[in-house]
Amino acid sequence: MKKLFCLLLTVLMLCALASCGNKENGKAPSGTLPNNTTPSSSTSQVQPAEEEESKAETSESVQSTGSADVDITKLSSTMVYSEVYNMMYAHDDYVGKTVKMRGQFAYYEDPETKAQYFACIIADATACCSQGLEFVLAGEHTYPDDYPELGSEITVTGTFELHEEGNFQYCQLADAEMIE
């Protein structure tokens, strides 16, 4: 009796696993990630061409016809978080483009070098995770005189660039303009 029960349980599990595929186009059902990855999986994996095309389409759909090439202020909180993540992951697609974003103002001063860093931080829809993008205002500015209070809502527009510090490469909005 136990053997029959174990066999039946195994068959049911196999049926459940086989029913997860989408036979029409060979792709995984919506809401799942390719190659059985999870959101916490490493992003250094090689991605299929279909996924790369999908990312390019997403980036193009975010571009606006206004003054910013990429205006993420008009997107939902989930899409904003996703687009900023995409900027960090596929940064070469954004270099030289004007980006407009809205989030919380953040400041950090390196205790060793005394270098100051300013960022626009965006939380995801559940406010459990956040992504940020450093910005450098155009012209001469001093902190805290020319900046808003920490945590206040700001809108920043600037040119997406990469810069190196030491052995690391970072993304930033250069020649930025801030609207409180």
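Strand β2 (residues 98-109) runs antiparallel to strand β5 (residues 153-165), and 7 bridges join the two; strands here are DSSP runs of E of at least two residues, helices are runs of H or I of at least four, both numbered from the N terminus, and two strands pair if DSSP finds at least two bridges between them. This is a predicted model, in which local features need pLDDT of at least 70 and side-chain atom pairs count only at pLDDT 80 or more, while totals for chains, interfaces and linings use all residues. Residues are numbered from 1 along each chain as its sequence is written, and side-chain values use heavy atoms, with hydrogens and water left out.

Within the pairing of β2 and β5, Met101 stands opposite Val156 in β5. Strand β5 also pairs with strand β6 (residues 168-179), again in the antiparallel sense, over 10 bridges, and here Thr155 stands opposite Ile179 in β6. These two strands, β5 and β6, form a hairpin with 2 residues between them, and Gly166 in that turn has a positive phi of about 65°.

Met101 and Val156 appear again in the largest nonpolar core, which has 23 residues and in which Ile72, Met87, Met101, Phe135, Val156, Phe160 and Leu173 have the most contacts. Two or more residues of this core come from each of α3 (77-89), β2, β3 (116-123), β4 (130-137), β5 and β6, with β6 giving the most, 4 residues. A nonpolar core is a set of buried Ala, Val, Leu, Ile, Met, Phe, Trp, Tyr and Cys residues joined through side-chain atoms within 4.5 Å, where buried means under 20% relative accessible area, exposed over 50%, and partly exposed in between (1.4 Å probe, protein chains only). Leaving aside neighbours within four places in sequence, Met87 is in contact (heavy atoms within 4.5 Å) with Val70, Ile72, Tyr94, Val99, Leu133, Phe160 and Cys171.

Ala123 is found in strand β3 and is partly exposed, with a relative accessible area of 37%. Although Ala123 and Val80 are 43 residues apart in sequence, they lie 8.7 Å apart in space, C-alpha to C-alpha. Apart from neighbours within four places in sequence, Ala123 is in contact with Ser77, Tyr81, Cys129 and Ser130.

Ala123 also helps to line the second largest pocket: of its 14 lining residues, Arg102, Gly103, Ile122, Ala123 and Glu153 are the closest to its centre. The lining takes at least two residues from each of α3, β2 and β3, and β2 gives the most, with 4 residues.

Terms used: 1 Å grid on protein atoms, 1.4 Å probe; cavity = no way out; pocket = protein on both sides within 12 Å on 5 of 7 lines; lining within 4 Å.
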